[in-house]
Structure formats: C-alpha cells, structure tokens
2 protein chains.
Amino acid sequence: MWAHVGQPFAPARYDVLIVGAGRMGAALARFLRAARPDLSLLLAEEGGLPNEEGATILAPGVWHADVPPERREEAERTRVLLGDALTPCGLLDLQGQAGPATRPVSEVLGPDLLGWIDAGVLPHVRLDGRAGVYSAGQLTLGHAQTAIREGADLMLNVRAELHGHELNGHALDRPGSGGAARVALHRLSVTNTHQVVVDHTVNVTVARVVIAAGAPGPALAEAGLGIVTPHRAAYRQTPRLEVPSTSGTPVLRAEGLTLRPQSGGFTVVPPVPHPDPWGYVPTGGRLVGVPVGLRRETLDAVMRAMPGLSVLAGEGLVVGRSIADIPGAWLAVPAGDWPTWERLDDTHWLLLGGERADLTGLAVAEQLAQALAAT
Amino acid sequence: MWAHVGQPFAPARYDVLIVGAGRMGAALARFLRAARPDLSLLLAEEGGLPNEEGATILAPGVWHADVPPERREEAERTRVLLGDALTPCGLLDLQGQAGPATRPVSEVLGPDLLGWIDAGVLPHVRLDGRAGVYSAGQLTLGHAQTAIREGADLMLNVRAELHGHELNGHALDRPGSGGAARVALHRLSVTNTHQVVVDHTVNVTVARVVIAAGAPGPALAEAGLGIVTPHRAAYRQTPRLEVPSTSGTPVLRAEGLTLRPQSGGFTVVPPVPHPDPWGYVPTGGRLVGVPVGLRRETLDAVMRAMPGLSVLAGEGLVVGRSIADIPGAWLAVPAGDWPTWERLDDTHWLLLGGERADLTGLAVAEQLAQALAAT
C-alpha cells in the first residue's frame, strides 16, 4: 500500500513504524520484512522516495576497503548486501608518501589522469581493486519497493510527531502488554502559493518506533521524547567537476577529497571535518573577493587539495554564484562518526547513517533489523 | 599621543603599525617599544581599549601548568611576564580516574566544594598550586599605557584597510628601501541613530604591519592582501554561575569545563571543540523545549559535565533567554590551536591568540617583538 494525501488511510495500529524512508530506513524496512514477515510495518517519509534533494540522493555511493579493523566486518557485510548494485571500478588513493602497497603514479595512471595531478606532490598511488560505486538513490528505491511488495505499508509526504511515555510529568496511555508509542502522522500538502501545510493528522499506536530521519533524527527524539543524544549534523556540499569520465574511470582519492566519476564528469566529495553548529544557515563563501556557491569550508578543502590535484584549479570545477547552485545536504554526524543505532527507551530506536553510510550503512541497518526481530 | 576622532592626526609614516589593541597587540606594542625605542610605532584599534565586549575583556585569565611539553617553555615565560598581575589561587583538576599526583577529593576539597560535585563520578583531584587568575583586560590596558608612555602612538575607533603590493595585477608604489605598506585608516564615528560611519580616512605608509585583530585577523589578511591562511574562528560563550566564591577560591576544572572564580561567583568556560563555519550567526538553543541564551554547543558541554559537576544542574547557572543575555565573543582558532605568529609577506605579519592566549599568549607576543626588532 502506497498512501498519498487524498487517499484513505485505515490502519491505526502497527507493530513497527520506521520514520524516514532514506537509505537507512528503507534498508531497515527491507531487512525487517525479510526477518519477521509477521510484524506489520509502516514506513513514513516526509518527502518523496528517495527524497529529491536529501542526503540519500546526493550520497556519493563509493564503497572501498580502507576502513579501520573494527569496521572491517561491517564494511565487508555491506559489500555483500550491495551485491550487483556495486560497479567495481576500483579506487586510486594518491599519496605524498610511499606506504604499504603503493606504486609510482607513472606506472599506474594513464596519461589523461597523470595530466590532472602534480606527480611531484602526489608521487605514490595505492589501488583498491575491490572498491566500486553505486547509486544510493536507486538502491533505496529498490529496498523500499521490496519491503512494500512483501507487505509493508508506505506513507509519503507525512511528518511524524513522537510522544514519550510521559508528558509534563503525566504518564501517557500505554496500550499493549509490552508498552506502545503513540505517534501523530501529519499528512502534508502544498498550497498553490507553495506553502507546506498539514492536510490532516492520523494517530497511530505502534509497538516499536525507529527514527531513521537522517540529520533531523536526534532533534526529533529530543523534541518528542525529551531524550538528548550526543549526535550532531553537518552540511556537506558535493560540487561538480566537469572533466570527462567514463563508466570505467576509477574513483580518485587524494588530500582528503574523493572524486567520484558520475554522469560523464566527477562529483567532488569533501570530508566532513566536524559538525556544524545548531542554527547554522549554509552560506556561500568568496573566492578572490567574488561571491561563490561553495561555502568557505568547502573552498578550504578544495584549495588545500589543489597543489596535488591540479585539475581542481582548472575551469572544470563548478563553484556557482550562490549556495543554491551547489548540490548539498545535511548529514547526520553520529557520535563516533560511523553509522550506528541505539535504543532510546522501551519503544523507540534511533538509526543514523551519516558520511560513512556508503561504507557500513547496510550492515548497521541489518543489525538493527536482527535486534528488532528478536524483541 | 592618544588620537580620537575630532583630534588632528599629523604623522603619515611609521616604522611599525599594529592593527588591534587587544591582549596580543597591546603586549606586542609594549615589548617592541622596550626592545626598539628607535622605531616609531602606531597602535590602531577599532573599538575602545580594551574593546568593551571583545575576546580580551571576556578572557577567563586562567594560567595553569597543564600544557604539553613543547609548550612548557612558552607557558613558563608567560607566567614570568604576567608577574604581579597573577593571583596564585591554585587550580583543582577533578578527574574520574586516578592518575599521577591525584588524591581523593575528600582529602582536598572543603565541605562547600564537596557539595558541588558528585564524588562518585569525580573521586580524584590533582592540585596545580602554581596556577592562578588574572584580568586580561587590566593587563592589556597596562601594556597599552606603558607602550604609549614610552612613545608609541595610539589611535582608537579606527578601522584599518590593508593593501598588498599588487592590486589587480598592478604593482603598487613601494616607497622606502625595504619595501613599505600603504594602509588606509578609516576613523569611525557614531551618528545619533547609532550607526557607525567613516568620519574621515588617513593614509599612512608603514614599513611593517602586524595584524593582531583577533578572530577577524585572517579575514583582514585575505581581503586586503589576498593571502589565504588556515586559521579559523569560533564563538565562545562564558555564562555566569551564581554560587559564592571568594578571592581565595581555587579554579575548578572538570569534564572539559573551567570554573573561574570571578566577582563573587564563577564564570563557566566551556572548551572550543572546533571552529564555527563562516557565516554562522550565534543562536540560542533550547532546554526542555524552552528557548535559552546558551547556544546548543554550550548546552551540550554543560550537560555533559553535570553528572560530575552537580552544581551546574542547580539554580546558579544563568542560561538567559536569548543569545544577548550570555557573555560571548568570537575567538581566533589558530591552526594548531595555540597562540602563534607568522610572516605573511615582506611587510605584513599575523599575530593570533585564541582560546589558549591565557597560557602562552604573552610569550608568543614577545617572540614576535624580538623577530621584528631584528629586522
């Protein structure tokens, strides 16, 4: 069942509600449906599927094996779960210093790639032949469709309002033996002056709620349940680099940046060095005095990489004229920096992907599905 | 000479111009004046002296010996330079784990202090008997007055506009054998509708310019000289804790926070975990849904410390109702996190204090004075 505004929506009780049908929520829905087909499941999403401009659709979708030992198992499991979705194009990790398994760039890179770098600054390269790329948006759509085919309900354009077991010191109604949560689902509509308004509200009773809303997830838990978590958020921009790539071009990594071949060019993926403060409004920076769409921190990352990745200093980098010109999204920054889940109270769980959801997100969603299946 | 708007200002040529009469600039002026009384020196400050709400007047002014080995020499030199300004009240470093030189809190803390902490969470304490407090504002005023008494000129309410040696590709006039910088000093006035306007502009020719403007320093270098630096900035709030202290009360440090006895109560000094993004406007957060003046990141730091420092959970912490209620200032975040100076080009230097200016700032200002004296 796909429920849209205007369609009737009958059920008022579910075993599991997943708030957010992005990459983490949709994967969880699929895994949970496979593990426990007996549990009724509702997937609620505020936007479309996957959200047209959220973190999922803009995710680079780069898997590689360069993870710390304690994450290796999750990364390898994620690669298995990615299956055919992964195109194994390899990844070239360019380095200033020789290290284990590095080779001289002149032996590995073709003349085109050699022309994009300064081999004096980055003379060494390590090839990760198992690395590859995938579309996080396609994968998420597939997961959601599978979950629905196997009996999950999906509600789009709906905003969830959570309630804890207590409100202002008064215990709330707790139907069901194991405790249950009450969730208000506000179904959104758009007026002809482009304002998002609540069309009507459906109250559902749910035994287990998973918040998989990405960057706003922790704020949702805090506003609704009063549970403060250490997780944060950051706004990541992924500008285009208009130099030619083909489907066989490897991913390039250097100086903290990842260059992901995409749509005949590249997407430049800067690192997320630290969370942005609460209340930050993304703002374009200035390049030699001229306003551009890249925020200052993105410019810093790109400029630091320019001596080695000389291709960034050319005409190909799309810097834009204002923040709206550059693809960007708010990402969760989970405490510890890796995808994670945690139990918030008797009935609520939090699932977070973030910057490294590409590497271990599916395995973490599967772990939570197993934990929920066992409850 | 103290020059104010409305007074005549004759000299148009100086050997040294220091932009900013905060704690770093004023200390530099004093040290340089002592080392090279033959050099004519102008100290230019945008606000008053010290600036009524800048980083200097809000600096905690806590010196302690807990610095990494490579900073020990600078910290000890700073203590010598502080001299009588330092009140050696000691510092109690409360810890969860026993370490070298820790003792049980029950042996060291009096009953009043013991009532403020949870000795189960923070059972150990290390006493730094050489630590002490000082007023960074008083010290800065003293440094500036000494420099002026010994012949430096001071210009208040003046904004400096720097120029590189090239502008749009054209070499600028470079009078003087060793090169010289041209600086436009815009003298500010306030209209009766409280707008700050440029009253008039004085152009000066200077052999050496030191940018000691605090958090805006790197932006000044970039806008005027086109020199991009890796330094950043952060907005630090220092809320009041209204529980009684006396002049003999030691500084308390626990869970990353410093509690500095001040004016019969305490100032709570949270850490600066990372820089704020460019364009960030400080915004109050929410505490159990209610808007407060503490920004979210300050709330996080305070709440993390509450289990150990139970006094923070009481009525004494002033959380305010909006950002304007809580004392706060933009701090430089120098690359590497410690006070530092660097030469930007032939005629320009950058001097930065930041969060740890309390510990090593004076020694770093003295180092730069020696370097300039030798040129």
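**Exercise 1.** In β7(A), which residue is the bridge partner of Gln95(A)?

*Solution.* The model used here is predicted. Start with the two strands. Strand β5 of chain A covers residues 91–95, and strand β7 of chain A covers residues 124–128. The two run antiparallel and are joined by five bridges. Within β7(A), Gln95(A) has His124(A) as its bridge partner.

**Exercise 2.** Place β5 and β7 of chain A in their sheet and name the edge strands.

*Solution.* Write down the strand order of the open sheet in chain A: β6-β7-β5-β17-β18-β19-β16. The sheet has seven strands, and the pairing is mixed. Then look at the edges: these are β6 (103–104) and β16 (240–241) of chain A, each of which pairs on one side only. As background, strands of a sheet pair through backbone hydrogen bonds, in either a parallel or an antiparallel way.

**Exercise 3.** Describe how β23 and β24 of chain B are connected and paired.

*Solution.* Take the connection first: a hairpin of four residues leads from β23(B) to β24(B). Next, the pairing: β23 (residues 340–343) and β24 (residues 348–352) of chain B run antiparallel, with four bridges between them. Finally, one facing pair: Arg343(B) lies opposite Trp349(B) of β24(B).

**Exercise 4.** Is Glu366(B) buried or exposed? Locate the residue and list its contacts beyond the sequence neighbours within four places.

*Solution.* Glu366(B) belongs to helix α8 of chain B, residues 357–373. Its relative accessible area is 15%. The cut-off for buried is under 20%, so Glu366(B) counts as buried. With neighbours within four places in sequence set aside, Glu366(B) contacts Phe31(B), Arg77(B) and Leu81(B).

How values were computed
Residues are numbered from 1 along each chain as its sequence is written. Chains are lettered from A and ligands numbered from 1 in the order in which they are written. This is a predicted model: local features need pLDDT of at least 70, side-chain atom pairs count only at pLDDT 80 or more; totals for chains, interfaces and linings use all residues. Side-chain values use heavy atoms; hydrogens and water are left out. Two strands pair if DSSP finds at least two bridges between them. Buried means under 20% relative accessible area, exposed over 50%, partly exposed in between (1.4 Å probe, protein chains only). Contact means heavy atoms within 4.5 Å.
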